[in-house]
Number of protein chains: 2
Amino acid sequence: MATPIEFWFDFSSPFGYLASTRIEALAAKYGRSTIWRPFLLGAVYKINGVVPTPNVPLKGDYARIDILRTGRFYGIPIAVPSNFPIGSVTAARAFYWADAQDPGKAKQLASALYKAYFVDDVDIANAENVVKVAVQSGFDAAAVAAGLGDAAVKERTKQEVENAIAKGVFGSPYVIVDGEPFWGMDRLDQAEKWLAGGPF
Amino acid sequence: MATPIEFWFDFSSPFGYLASTRIEALAAKYGRSTIWRPFLLGAVYKINGVVPTPNVPLKGDYARIDILRTGRFYGIPIAVPSNFPIGSVTAARAFYWADAQDPGKAKQLASALYKAYFVDDVDIANAENVVKVAVQSGFDAAAVAAGLGDAAVKERTKQEVENAIAKGVFGSPYVIVDGEPFWGMDRLDQAEKWLAGGPF
């Protein structure tokens with residue numbers, strides 16, 4: 001039985017968004033299921049003493065060029081949001097609230113949140129906006145709002161960030177196939193080679 | 001008249017080495033010439049407050065896996081050197097000494113230095129080893145040794161590092177096509193799309 005592909009991502013990560021639009025088709029092509037796991041890059045960066053890319057002097061300027069060009073290269077719509085980067089804990093909590101009910105619907109919510117942020121310039125650091133996107137994805141407004149404040153949801157989110165750190169997840173997207181890590185949108189080609197032919 | 005492709009790299013950079021094995025064929029395919037420009041990542045990192053990747057806790061462990069797997073993915077021999085990363089100023093000076101005489105021979109020397117370091121585990125931070133590699137590439141031992149200590153060579157090397165910083169080169173490899181920057185071995189595919197069809 002083939003193991004599921006683990007897809008770790010931060011809702012503030014442009015390459016996480018780009019990869020999210022391709023991971024399901026990639027998995028399906030090789031008969032794999034997926035497990036989506038948002039985490040918080042800020043928590044990982046704190047441990048590693050890393051400065052977020054958009055805030056690194058030369059690298060940050062390049063990142064904006066690279067994000068847009070990579071979208072065009074793959075034919076995936078993307079814009080740099082007005083408020084970027086953001087803390088993504090609210091979006092992550094919405095995901096884990098939905099995930100406890102239905103992992104499939106949680107993936108749809110994640111895709112909708114990513115599209116809202118990276119295509120429609122909706123600030124998903126804002127809880128009201130997260131609720132609006134969830135409603136558009138078929139969830140009940142009052143239920144989502146309550147979920148965002150739920151202690152179990154907060155604890156689950158915290159736990160998954162700790163799981164990410166324990167697994168060595170240090171960037172977004174981070175894909176794990178049969179225990180093998182692939183960091184970055186630009187390693188999906190290597191992940192595909194692994195899926196197609198096994199270890200290389 | 002098509003402009004030359006600028007290829008910026010650090011001799012301690014594994015992805016710089018991997019890209020160096022492909023840049024000439026890529027350029028030739030699209031009727032372009034190349035200009036090779038080693039620089040010193042350490043100087044750039046100092047400005048940007050960046051920690052070298054091998055020294056970042058989780059990222060450094062992954063980097064070793066990724067370097068070897070990327071070599072296998074492209075069919076390019078590579079090993080993680082015993083002494084890694086290194087300061088590469090001596091190798092860079094050898095290059096600029098050779099470049100002042102013959103840019104073509106300097107590229108051959110750069111390729112030989114990269115192969116010595118990333119395939120044969122020769123520590124090219126060591127000046128004696130740099131001279132040996134240069135001799136194997138057809139240069140005169142005494143002339144190279146004198147070149148490494150030459151004030152004009154040191155000044156040229158320093159100047160090219162400043163040029164790199166002025167151009168916004170913050171990582172290795174860094175390829176510039178018609179003014180457009182492409183950072184990383186994994187952006188050669190986008191550079192190729194640009195070379196084939198122009199801006200996108």
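**Helix α3 of chain B**

I take a helix to be a DSSP run of H or I, at least four residues in length, with numbering from the N terminus. The model I am reading is a predicted one.

I started with α3(B), which covers residues 41–48 of chain B. Which of its residues are buried? I found Leu41(B), Val44(B), Tyr45(B) and Asn48(B) to be so. I then looked down the helix axis: the buried residues of α3(B) fit within an arc of 100°, so they line one face of the helix. The spacing is what I would look for, because an α-helix has 3.6 residues a turn and residues three or four places apart point the same way. On the face of α3(B) turned away from the buried side I noted Lys46(B) and Ile47(B), both exposed. After α3(B) comes Gly49(B), with a positive phi near 65°.

**Strand β1 of chain A**

Next I went to β1(A), residues 5–9 of chain A. Is this strand enclosed or open to the outside? I count a residue as buried when its relative accessible area is under 20%. By that cut-off 5 of the 5 residues of β1(A) are buried, so the strand is largely enclosed by the rest of the structure.

In a regular strand the side chains alternate between the two faces of the sheet. I checked the directions in β1(A): Ile5(A), Phe7(A) and Phe9(A) point one way, while Glu6(A) and Trp8(A) point the other way. All of them are buried, Glu6(A) included.

I then listed the partners of β1(A). It runs parallel to β2(A), residues 34–38, and 5 bridges join the two. Within that pair I noted Trp8(A) with Arg37(A) as its bridge partner. β1(A) also pairs with β3(A), residues 174–177, in the antiparallel sense over 3 bridges. There Glu6(A) stands opposite Ile176(A).

**Hairpin β3–β4 of chain B**

In chain B I followed β3(B), residues 174–177, into β4(B), residues 180–183. The two strands run antiparallel and are joined by 4 bridges. Val177(B) stands opposite Glu180(B). The hairpin has 2 residues between its strands, and Asp178(B) takes a positive phi near 50° there.

**Backbone oddities**

I looked for cis peptide bonds in chain B. The bond from Phe84(B) to Pro85(B) is cis, with omega near -10°. Pro85(B) sits in the loop between α4(B), residues 57–74, and α5(B), residues 89–101. The bond from Ser172(B) to Pro173(B) is cis as well, with omega near 0°. I placed Pro173(B) in the loop between α9(B), residues 151–166, and β3(B).

I also noted a non-glycine residue with positive phi, Asp121(A), at about 55°. Where does Asp121(A) lie? I found it in the loop between α6(A), residues 103–118, and α7(A), residues 127–136. Asp121(A) is partly exposed, with a relative accessible area of 41%. In chain B, Asp121(B) has a positive phi of about 55° too. Asp121(B) is partly exposed, at 39%.

**How the two chains relate**

Two copies of a chain are related by a rotation about an axis and a shift along it. What rotation superposes chain A on chain B? I read 180°, with 0.0 Å of shift along the axis and an RMSD of 0.0 Å. That is the relation of a two-fold axis. The same surface serves both copies, as 100% of the contact residues of chain A recur in chain B. Asp186(A) is the residue of chain A that comes closest to the rotation axis, with its C-alpha at 3.2 Å.

**The interface**

The size of an interface is often given as the accessible area lost when the parts come together. For chains A and B I noted about 2900 Å² of buried area, with carbon and sulfur atoms giving 61% of it. I counted 30 residues of chain A in contact with 30 residues of chain B.

How many salt bridges run between the chains? The count is 6. One that I looked up joins Asp186(A) to Arg187(B), with the closest N and O atoms 2.9 Å apart.

I then turned to Arg187(A), in the loop between β4(A), residues 180–183, and α10(A), residues 188–197. Arg187(A) counts as buried, because its relative accessibility is 5%. Beyond its neighbours within four places in sequence, Arg187(A) is in contact with Phe182(A) in its own chain. Its contacts in chain B are Phe15(B), Tyr62(B), Asp66(B), Arg69(B), Thr70(B) and Asp186(B).

How values were computed: Residues are numbered from 1 along each chain as its sequence is written. Chains are lettered from A and ligands numbered from 1 in the order in which they are written. This is a predicted model: local features need pLDDT of at least 70, side-chain atom pairs count only at pLDDT 80 or more; totals for chains, interfaces and linings use all residues. Side-chain values use heavy atoms; hydrogens and water are left out. Two strands pair if DSSP finds at least two bridges between them. Buried means under 20% relative accessible area, exposed over 50%, partly exposed in between (1.4 Å probe, protein chains only). Copies are superposed by least squares on the C-alpha atoms of residues with pLDDT of at least 70 in both. Contact means heavy atoms within 4.5 Å. The arc is that of the directions from the helix axis to the C-beta atoms. Buried area is the accessible area (1.4 Å probe) that two parts lose on being put together, summed over both. A salt bridge is a side-chain nitrogen of Lys or Arg within 4 Å of a carboxyl oxygen of Asp or Glu.
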